[in-house]
Amino acid sequence: MRARLQAVLATAAMVLAGSALAQDSTMDEIAKYREMLADGNPAELFELKGEALWKKARGPKNASLEQCDMGLGPGKLDGAYAQLPRYFPDTRKVMDVESRLVHCMVSLQGFKEEDVTRQWFSRPGKESDIEALVTYIGAKSNGMKIDVPARHPEEARMAKVGEYIFYRRSGPQDFSCSICHGQNDKRIRLQDLGNLTTQAGAGVAMSTWPSYRVSQGAMWTMQRRLIDCMRQARWPEPKYLSDSVIALQVYLQKNASGTVMQTPGIKR
C-alpha cells in the first residue's frame, strides 16, 4: 500500500513538474511574440495622424488644439499624459486625457460634444480622431514616470471612489475588478492578470496605454480598455467619459505612480 502511494505521489510530482515546464515554455513563447510585435508598431501611424489633427485648424471656430491645456499649460504636452487624471480649476473637475481633450475640442474649436464623441472609438472602416489624438498626447510622455499622487481634495475623493469601484462586486456574475486583478500570479487562459493593487502590477497595466490591438487592428485608449473590461464582467457599461471610469483611472494611476511610461504600446 505504501509503495503504491509513493508511486502515485511520484507520478503526480512528475506531472506537476511537466506542467510547470510547459507553462514556462508557453510564457517564453508569448514574450518572444510580444517582442516581435513591438518591432514596427502600427501605433506610429496613429501618432502621426494625431499630431496633424492637433495642429490643424478645424471646427466652427477654425482653430487648432495647440492652446489646449492638458495640465501643464497651454500647448505643453511633454509629460502631461503621465500626470493625468488631475483636477482642472477651469472646469472644477478631475479629468483624464480624453475628457480634457473633448473639453478643448468644444471650447477651443467650437465642436459640439455629441459630435466629437459619436466616434470615440474606431470601427471597421471608420477610424477615430480621438484615438489618434490620445496616441499623440500619450507618446509625449514616453519614458517619463507616472505621477498621479492625488493630493488635491477632489483627486483624493476620486481615488477613493475608484478604489470602491475596483472592489465592488456587481452584475449577474457578482464580479469585481479585484477578482481578476487583486492578487498575484493569476491568469486567464494565456493572459497574465496583473495585481493592480501593487505599484509593479498597476505600472505594467497603465504604462503602455494607449496601445495598438493587433487582434482589432485599432488603437485602444484607457477609457475603451476599462469600459470593455466592465462589459466582459457583465456590468452595466458606463457612458463614455463618465466620472466612474475617470475615478477608476485615478485609483490605478495613483497605484502605478513611479513607473515609467512605455507608450504607445502594442497588445495581442
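**Rings in the model: a quick tour**

Okay, let's start with a charge over a ring: Arg213 sits over the face of Trp220, and the distance to the ring centre is 4.6 Å. Keep in mind that this is a predicted model. There's another arginine like that: Arg123 lies over the face of Phe121, at 4.3 Å from the ring centre.

Now, rings with rings. How many aromatic pairs turn up in a search of the whole structure? Six. To describe a pair of aromatic rings, you give the distance of the centres and the angle of the planes.

Let's try that on Trp120 and Phe121. Their centres are 4.7 Å apart and their planes are at 70°, so we call this pair edge-to-face; the cut-off for that label is over 60 degrees. Buried or exposed, Trp120 and Phe121? Both residues are buried. And they have company, since ring pairs join Trp120, Phe121 and Tyr240 into a cluster. Remember, Phe121 is also the ring with Arg123 over its face.

Next up, Phe166 and Tyr251. Here the ring centres are 5.4 Å apart and the planes are at 50°, so this pair counts as tilted. Where do the two residues sit along the chain? Phe166 is in helix α6, residues 153-167, and Tyr251 is in helix α10, residues 243-256. That puts them 85 residues apart, so the pair links distant parts of the chain.

What about their surroundings? Phe166 has a relative accessible area of 1%, so that one is buried. Tyr251 comes in at 7%, so Tyr251 is buried too; the cut-off is under 20%.

Notes
Residues are numbered from 1 along each chain as its sequence is written. This is a predicted model: local features need pLDDT of at least 70, side-chain atom pairs count only at pLDDT 80 or more; totals for chains, interfaces and linings use all residues. Side-chain values use heavy atoms; hydrogens and water are left out. Rings of Phe, Tyr and Trp (its six-membered ring) pair if their centres lie within 6.5 Å; planes under 30 degrees apart count as stacked, over 60 as edge-to-face and the rest as tilted. Buried means under 20% relative accessible area, exposed over 50%, partly exposed in between (1.4 Å probe, protein chains only). Helices (H or I, at least four residues) and strands (E, at least two) are DSSP runs, numbered from the N terminus. A charge sits over a ring if NZ of Lys or CZ of Arg is within 6 Å of the ring centre and within 35 degrees of the ring normal.
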